[in-house]
Structure formats: C-alpha cells, structure tokens
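Here are some exercises to work through with the sequence and the model side by side. Try each task before you read its solution.

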Amino acid sequence: MALELQTYAGDFRAFKGLVAASLAGVQVNVTEVDAKAKTPNTVPVLVTPNGSLTQSNAIARYIARSRPEAGLMGQTFFQSGQVDSWIDWGTNNIELPAIVSTYWQFGWQEFNFQANKKALEDLSAGFATLEAHLLSRTYLVGERISLADVIVASQLFYPLKLSLDAKFRSQFP
C-alpha cells in the first residue's frame, strides 16, 4: 500500500518527506488540502497502513527509515546521530527564523518589523554556519546525500524564495 501525504501546494514541510521518498524509492501519493482551511501546523499528515503521522521531520524520518538501504539516515550509527543533530539544528536555526520571515506573506501571522529583522539576523547566522561547514565537504554528513541535507534544503526554500534578496544571498556563495 502506498503512503498518502496530505498537504497544501508548495508546503516546504511536505518537501522533506517527498524528497526523502523520491531518494529512497518509497511511493507516496499526495492529497492536496486547502491551505486556507488548514493552519500551517496541521499539515503535512502522512497516512500509513498503521495510522497517521504528523510533524514534517517525523514524517521524513519515517520514510527514510522505511528503506534503510537508501542510506538517508547515514552509513553508520554515529552518522545517524549526526543526521539527527543537523535536522534539529536546522529546525532551530533555519526553520524557525524562516517561518517568522515568511509566514506573514501568506497571511498566517501579522508582520512585525522587529521580529522580522531578528529572524533575518538569525538566518544570516545560520547561513554562516552552513557556509563554514560546507567549505570542506559536499554534504552535511558523510560522503553522500542524507536526510539532513534534504531537510535543511527544504527549510531554506521559503526564505530563499520569499525573503532573502540577492544582496543577502551574495554573502554566501
């Protein structure tokens, strides 16, 4: 039985599980829900034969762990810990400020100049950490793409598309 992911179009949180599924060879069917009828914290939902899962990182981990031979959780037990570490780091240092700097554009929160300014500063610090880490490597963990790369890249989608201009991006080649 294929898995079903319920989400709205363009949801960066859904990208985490969908890209993981593509890389791991797991079939996931998408059911689109109305973004205006849902709050961003109620989707995505992954419907499995055993029940439903919520929270995008948990969904992506479930998919990645369903096909361990794909290696998305790392090649060793230590790398698996590194993958989890980067996922948590991205959630705190990229996703949270990304939400503050973009959700107002969807009407999901009120614009707050001070909060937006702080979010952009936090994103800049996050970008600096990523830039420093990736100067000597291609992937966040190990020598091949992992779920950490997938999730952090997904977390960067909204700010890169909606709130970080060319001047900002030029600081991080």
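**Exercise 1. Find where Q75 sits in this predicted model, and decide whether Q75 is buried, partly exposed or exposed.**

Solution.
- Step 1: Locate the residue. Q75 belongs to the loop that runs between helix 2 (56–66) and helix 3.
- Step 2: Read its accessibility. The relative accessibility of Q75 is 48%.
- Step 3: Apply the cut-offs. Buried means under 20% and exposed means over 50%, so Q75 counts as partly exposed.
- Step 4: Relate the loop residue to S85. The two are ten residues apart in sequence, and their C-alpha atoms are 15 Å apart in space.

**Exercise 2. Follow helix 3 (residues 77–106) along its length: at which residue does helix 3 bend, and what is the phi of the residue that follows helix 3?**

Solution.
- Step 1: Look for the bend. Helix 3 bends at T91, by about 35°.
- Step 2: Go on to F106, which lies in helix 3. With a relative accessibility of 36%, F106 counts as partly exposed.
- Step 3: Check F106 against A35. Along the sequence they are 71 residues apart, while C-alpha to C-alpha they are 9.6 Å apart in space.
- Step 4: Step past the helix. G107 follows helix 3, and its phi is positive, near 80°.
- Step 5: Compare with a residue other than glycine. Q55 also has a positive phi, near 75°, and Q55 is placed in the loop between strand 4 (51–54) and helix 2.

**Exercise 3. Describe how helix 5 (residues 147–163) crosses helix 3, and then how helix 5 crosses helix 4.**

Solution.
- Step 1: Start with helix 3 and helix 5. Their axes come within 9 Å and cross at roughly 20°.
- Step 2: Classify the angle. Angles under 35 degrees count as roughly parallel, so helix 3 is roughly parallel to helix 5.
- Step 3: Add the handedness. The crossing of helix 3 and helix 5 is left-handed.
- Step 4: Sort the contact residues. The contact of helix 3 with helix 5 has 15 nonpolar residues, seven polar and one charged.
- Step 5: Turn to helix 4 and helix 5. The axes of this pair come within 13 Å, with a crossing of roughly 130°.
- Step 6: Classify again. This angle makes helix 4 oblique to helix 5.
- Step 7: Note the handedness here too. Helix 4 passes helix 5 in a left-handed crossing.

**Exercise 4. Work out how many aromatic pairs the whole structure holds, and describe the pair formed by F15 and F157.**

Solution.
- Step 1: Take the total. A search of the whole structure gives five aromatic pairs.
- Step 2: Describe the rings. F15 and F157 are 5.0 Å apart, centre to centre, with 85° between the planes. Angles over 60 degrees count as edge-to-face, and that is the label for F15 and F157.
- Step 3: Place both residues. F15 lies in helix 1 (residues 12–24) and F157 in helix 5, so this pair ties together parts that are 142 residues apart in sequence.
- Step 4: Check accessibility. F15 is partly exposed at 24% relative accessible area, and F157 is partly exposed at 31%.
- Step 5: Move to another pair, F127 with F168. This one is edge-to-face as well, at 5.4 Å centre to centre and 85° between the planes. It links distant parts of the chain, with F127 in helix 4 (residues 113–134) and F168 in helix 6 (residues 166–169), 41 residues apart.
- Step 6: Check accessibility again. F127 is buried at a relative accessible area of 10%, and F168 counts as buried at 11%.

**Exercise 5. Explore helix 1 through F12 and V19: which of these residues is buried, and which is partly exposed?**

Solution.
- Step 1: Place the residues. F12 is found in helix 1, and V19 lies in helix 1.
- Step 2: Compare their accessibility. F12 is buried, with a relative accessible area of 2%, whereas V19, at 36%, counts as partly exposed.
- Step 3: Look for partners of F12. F12, F15, F157 and Y158 form one aromatic cluster.
- Step 4: Add the backbone view. F12 and Q155 are 143 residues apart in sequence, yet 6.6 Å apart in space from C-alpha to C-alpha.
- Step 5: Do likewise for V19. Its C-alpha atom is separated by 12 Å from that of N57, 38 residues apart along the chain.

How values were computed:
Residues numbered from 1 in each chain as written. Predicted model: local features only at pLDDT ≥ 70, side-chain atom pairs only at ≥ 80, totals over all residues. Heavy atoms only, no water. Axes fitted to C-alpha atoms, helices over the stretch in contact; angles between N-to-C directions. Helix = DSSP H or I, 4+ residues; strand = E, 2+ residues; numbered from the N terminus. Parallel < 35°, antiparallel > 145°, perpendicular 65-115°, else oblique. Left-handed = near helix turned anticlockwise from the far one by under 90°. Nonpolar A, V, L, I, M, F, W, Y, C, P; charged D, E, K, R; others polar. Bend = angle between axes of the 7 residues up to and from the residue. Phe/Tyr/Trp six-rings, centres within 6.5 Å; stacked < 30°, edge-to-face > 60°. Buried < 20%, exposed > 50% of the residue type's maximum accessible area, 1.4 Å probe, protein only.
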